[in-house]
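User: Please examine the structure below with me and explain the surroundings of its ligand.

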Amino acid sequence: MAYKIGVIPGDGTGPEVVREGLKVLKAAGERFGIDYEPVEYDFGGDRYLKTGETLPDSAIDEFKKLDAIFLGAIGHPDVKPGILEQGILLKLRFSLDQYINLRPVKLYPGVETPIKDKGPEEIDFVVVRENTEGLYAGAGGFLKKGTPDEVAVQESINTRKGVERCVRYAFEYTRARNKRKELTLCGKTNVLTYAFDLWQRTFNEVALEYPDIRTDYAHVDAITMWFVKNPEWFDVIVTDNMFGDIITDLGAMIQGGMGIAAGGNINPESVSMFEPIGGSAPKYTGMNIINPLAAISAVGLMLETLGEREAGRAIERAVMTVTGTRLKSMAAGKMGYTTSEVGDIVSELVGEGAP
Ligand code: IPM
Ligand code: MN
């Protein structure tokens, strides 16, 4: 049966990188006999400016019938910050209960990292970020807003169920990844003594079911230090929504920047969404110079999550060949190729089934 893939190109350079991702998906589909049907949606800043609509509930109902979603970028210079992020991206994650944000941090060959003396051998870990709770849950409010006595409260919501399913996913992922089989909990148990107490207890309890996985704990501030100093210490890291947001931007930088970082918003029981984690880069829109590799890698991650392992790996290998032997730089305008040329090269390599 054909996979139904929802495609949301979105804003800025989103459509350009999505085009290349779809090109590579087509090549992978042909090579590995994967049947799929793309269904395009025009949600994003332009539609919002025209109609005032971000993501209607009817779209969510439609999304629930898809097998996966591929999203380019959300963010428009003429729309007040927060509207599209909350109205589209977060609404999508929350209403499809995509409770895992999976963000691999892997330095590919030929990609420059700002971390001195570290290479692909040392930078290869995965962050499992909780994606539906914590500070992102939207709990809180104002009191006496706009007065000198104003109070703003923003609460972090951590449920046993939400924490446990995330931690469990991380243990399973660490086992299946089968690398160093080590899972690190990233928190702040020395200050956030309620939220991370729950995290720590849950983590310890679930760990008993995974005697083959070594466990470790690190405070979030220390982890930002170690990402820079000793990235080789990490295999898989599990953390809450806010800390995961912050440490994965640092992760993206050490793996070579936003042009290369991809992520999955995963509901293991239902519809997941895959995206390059960089923004819409409006200043490069329509110039055919943005790096599409993050979007292409997002397609790889999507295929892998759908169970099309071989195709996912073929895309990753092709991307590694391109970074290792073709591109001069990962930065927009400095790749030595246009956006569409990079898509063509990766597609060809995937089609040939390059080793
Ligand atoms: C991300 C982004 C989003 C987040 C924003 C755009 C709402 O930074 O995907 O990491 O904070 O999760
Ligand atoms: Mn972020």
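Analyst: A molecule counts as sitting in a pocket if more than half of its atoms lie within 2 Å of the grid points of that pocket. The model discussed here is a predicted one.

User: In which pocket does ligand 1 sit?

Analyst: The criterion just given asks for more than half of the atoms of a molecule. By that criterion, the pocket that holds ligand 1 is the second largest.

User: Which helix gives the most residues to the shell around ligand 1?

Analyst: The shell includes Glu-85, Leu-89 and Arg-93. The helix that gives the most spans residues 83-95 and supplies three residues; it is helix H4.

User: Which kind of residue, nonpolar, polar or charged, has five members in the shell around ligand 1?

Analyst: Among the surrounding residues are Arg-103, Arg-129 and Asp-245. The shell has two nonpolar residues and no polar ones, and the kind with five members is charged.

User: Why does ligand 1 lie between two domains, and which are they?

Analyst: Residues of the shell come from both domains, so ligand 1 lies between them. The two are domain 1 (1-98 + 267-355) and domain 2 (113-255).

Key:
Residues numbered from 1 in each chain as written. Chains lettered and ligands numbered in written order. Predicted model: local features only at pLDDT ≥ 70, side-chain atom pairs only at ≥ 80, totals over all residues. Heavy atoms only, no water. Near = heavy atom within 4 Å. 1 Å grid on protein atoms, 1.4 Å probe; cavity = no way out; pocket = protein on both sides within 12 Å on 5 of 7 lines; lining within 4 Å. Helix = DSSP H or I, 4+ residues; strand = E, 2+ residues; numbered from the N terminus. Nonpolar A, V, L, I, M, F, W, Y, C, P; charged D, E, K, R; others polar. Domains from an automatic or database assignment.
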